[in-house]
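Biologist: I am new to this structure and would like a close look at one sheet and at the spaces enclosed by the protein. Could you describe them in a connected way, beginning with the overall make-up?

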Amino acid sequence: MAQGSVQVTHTGTSRWRRRTGEYDSLATALEASADGDVLTIAPGTYRENLVVSRAVTLRGADGSLGSVRIAPSEGVAVTVRAAAALLDLHIEGHDAAVPAVLVADGAPELAGLRVVTRSSAGIEVRGGARPTVRHCTIDNLAGVGISVLEGAGGVFEECEVVAAGQSGVVVRGGAQPRLERCRVHHARGAGLSVTDEGSTLQALGCEVYEIKGAGVQLAARAAGRLTDCRVHRVTADGVTLDNEAVLALSDCDIHDVPENAVDLRARSVLTMTRSTVRRFGRNGLSVWDPGTRAEAGHCEIQDSTGDYPAVWVSDGASAALTSCRVHDVPDALFVLDRGSAVEVGDSDLFRVRGTAVSVSGGGAAQLADCRIREATTGAWFRDHGSGGTLAGCVIDATATGVIVTKGADPLIERCTVSSPLEAGFYVSAEGRGTFRGCRVSGSGGYGFHVIDGCRALLTECHTERCTRGGYEFADSGPAGAGSGPLTERCTSDEGAVRAPGALAVETVARPAAVPVVSVPTPRAPEPPAAAPVPSSRPPASVLGELDALVGLESVKREVRALTDMIEVGRRRQLAGLKAASVRRHLVFTGSPGTGKTTVARLYGEILASLGVLERGHLVEVSRVDLVGEHIGSTAIRTQEAFDRARGGVLFIDEAYALAPEDSGRDFGREAIDTLVKLMEDHRDAVVVIAAGYTAEMERFLTVNPGVASRFSRTITFGDYTPEELLRIVEQQAEEHEYRLAADASLALLGYFRDLPKGPAFGNGRTARQTFEAMVERHAGRVAQMPEASTEDLTLLYAADLPEPG
């Protein structure tokens, strides 16, 4: 029943119709109207199912924006089947099986609508409809915000989906809408979802954020084009393509994504131009499966928040990057698996914590005129069948410029490596490679370091100012074996060398010097090392963070005593006095979740801030990272882990697993033996912390006579008390803008006192899991409230605690 009247203004020329009239319901007003009429609706609530089949205009009375409320108890609230205009109306739907607004035909105009509903869709467009939708707001906690289906289209301008129980915008069945300057947020499915062959979405100047799923999702041969769009703050991938989907991104910004920023699979194709990908938790761009391809031009991928490569290409996929920048990431580009291929041209890869380019599993990478700098390794061709080409590339300020191992066979030509900490080019473990016209300058180690009789070919290469020598070749193997490096017209300013049985290396002598040809004693390869990264915080600041940790008072005293000894020793040395030798390797014992990894990280940062370690970074490993499957592989894995930790802390979790009680022919003992020797040979380069359960670690210290002597002391991490666990929950609540009611604090104390302290008890981890469970129960409770105050949204009660057990 209407709470007002409807005035119809007739604009036609028929004399027999009255020009104006007032009606007590929408239905009778529509029945009396004709094409071109204007229906001015008085303020009020209309419990009618409105069906508009004529080209009329429906609008609220002047000055009554949003005061006209169409809210039937069931069914579709408004159905439009003509080129009508609906202006400034408030529409509510209460039927979860149907949409609130259905545009079934024609080219109507919808402007200024506010749709608040719990329907299958807020606005649904289907069939041959082509509406123009402007300045509309959709709030649908039960279903989809906007659905465009079955070949429909339309233009949506400056519309906003403020909430959706499913996806924000859905396009399927061959539909082809266009979004301009729209915002989609707080959806529980994908922000934009496009599926089915023939379905196409164009989005210009749109923003997708606060999504409980993927930001943009295309599948099943759907297509899309996003221009000047932003996708951020989602819980899954930023953009995902699957099953032959096609997408073009231009001038887009994808950021603050916990998973992959852009992910392609199953023969999908992406073209990305002048776009930025930043602050992502997994890969910035991941490309999978044969036939899948990504092309990026003038794009930037930066600021990873996780530990994954920025660009990942595997399973036979391909990618091409042109004039791109990839920086501030753990690793820049990984190519894996046979058939996978990447082409990179005129691009910059820099500030890479690990490897800039890694090729393995039979993949291939083609880099031309690229610049790689500030990385641990510039390019690493890892294993048999892996290769590609580096041409005209410049590699600067790395630990090692190029590594070739395990049968990989790349072509490196006209490349320059400057200022590597170790080798410019390093070939080992049956690696091959052809090096033409390459140069190394300012190496802290060798220019070219080829060991293990690897059959690399060097032609017209040159080295200068290399600290340990321009070329180092290990013994080439038995005479006539056909192994070892081959050199042709290679030069150096440091005195050329040639290994027994290898071809000579020509020499360009320094001025006034006599060329020297000598045979050096073969040396073991110097492993790649990470570039020094100075600590950004003073010792007092790091110790303050340590003191701020809940509990762990005895641990804090031990760490402070140890750091005080180191600091005083440093000062005594500066004063010309003898300093007591302080062994910095430690054993951490205790139950899981007691903060061992956190304290190890802070300990490394403290030592870096005191100048004892170069970087202070933490490298965490376990048995699987150190122990190989066959003879000889364990020592290699252990050496590699130790090398990654150079200048910082090697943290071995569950170290006792290296020495199982029933070891038999277990290779864990080999890892321990290798570690003991490395700790002695490089005592100032790495701090090793072995961690695990107390009893098991006592056994670990007895497996090798050198183990106990290498570790200066054991620090025991006790279980948290119920009061400390409560404090951790309080910290979590404060960090996430929640508060604990008084009854919740008391209930938590009792909860933690009664909680079994068996092997599954996780200490701090249990406290954090308890808080997360409370937040979930709180959400389930508050979501049922029709209206929620700020206190409702932030206060946690005892009833929110999880059930014990």
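Modeller: The model is a predicted one, and its secondary structure amounts to 13 helices and 65 strands. The protein has 805 residues, of which 53% count as buried. Among contacts with a separation of 6 or more, 51% are made by residues 24 or more positions apart.

The sheet to consider is an open one of five strands, which follow the order β60-β61-β62-β59-β63 and pair in parallel. Its edges are formed by β60 (618-621) and β63 (713-717); each of these has a single partner strand, so one side of each is left without a neighbour in the sheet. On average, and with direction ignored, neighbouring strands are turned by 20° against each other.

At one of these edges, β60 is joined to β61 (residues 649-652) by four bridges in the parallel sense. Within this pairing, E620 stands opposite F651 of β61. Helix α6 (residues 633-644) packs on the sheet, where it touches β60, β61 and β62 (687-692). The direction of α6 makes about 155° with that of β60.

The strand ranges also help to place the largest cavity. Its lining includes I652, a residue within the range 649-652 of β61, and V688, which falls within the range 687-692 of β62. The other lining residues are L658, I672, L675, V676, M679, F700, V707 and F711. Helix α7 (residues 668-681) supplies the largest share of this lining, with four residues. By class, the lining has 10 nonpolar residues, with no polar and no charged ones. The volume of this cavity is about 70 Å³, and the structure holds four cavities of 30 Å³ or more.

Such spaces can be located in a simple way: rolling a probe the size of a water molecule over the atoms shows where empty space is left.

The second largest cavity holds about 40 Å³ of space. Its lining is made up of I146, F156, C159, E160, V161, V169, L179, C182, R183 and V184. Two elements give two or more residues to this lining, namely β19 (160-164) and β22 (183-187). Here eight lining residues are nonpolar, none is polar and two are charged.

One of the lining residues, I146, leads to strand β17 (residues 144-148), where five of five residues are buried. Strand β14 (residues 121-125) runs parallel to β17 and is joined to it by four bridges, with I123 as the bridge partner of I146. Strand β20 (residues 169-171) is also parallel to β17, with three bridges between them; S147 stands opposite V170 in β20.

The strands β19 and β22 return in the lining of an open space. The second largest pocket has a volume of about 1400 Å³, and two or more of its lining residues come from each of β10 (90-93), β13 (114-117), β19, β22, β25 (207-211) and α12 (764-782). The largest share, four residues, belongs to α12. Of the 29 lining residues, L141, H186, R188, A783 and L793 are the closest to the centre of the pocket. The lining divides into 15 nonpolar, seven polar and seven charged residues.

Conventions:
Residues are numbered from 1 along each chain as its sequence is written. This is a predicted model: local features need pLDDT of at least 70, side-chain atom pairs count only at pLDDT 80 or more; totals for chains, interfaces and linings use all residues. Side-chain values use heavy atoms; hydrogens and water are left out. Two strands pair if DSSP finds at least two bridges between them. Axes are lines fitted to C-alpha atoms, for helices over the stretch in contact, and angles run from 0 to 180 degrees between N-to-C directions. Contact means heavy atoms within 4.5 Å. On a 1 Å grid over the protein atoms alone, a cavity is a set of points where a 1.4 Å probe fits but cannot get out, and a pocket is an open set with protein on both sides within 12 Å along at least five of seven lines; lining residues have an atom within 4 Å of a point. Grid points are joined across faces, edges and corners, and a volume is the space filled by probe spheres set on the points. Ala, Val, Leu, Ile, Met, Phe, Trp, Tyr, Cys and Pro count as nonpolar, Asp, Glu, Lys and Arg as charged, and the others, Gly among them, as polar. Buried means under 20% relative accessible area, exposed over 50%, partly exposed in between (1.4 Å probe, protein chains only).
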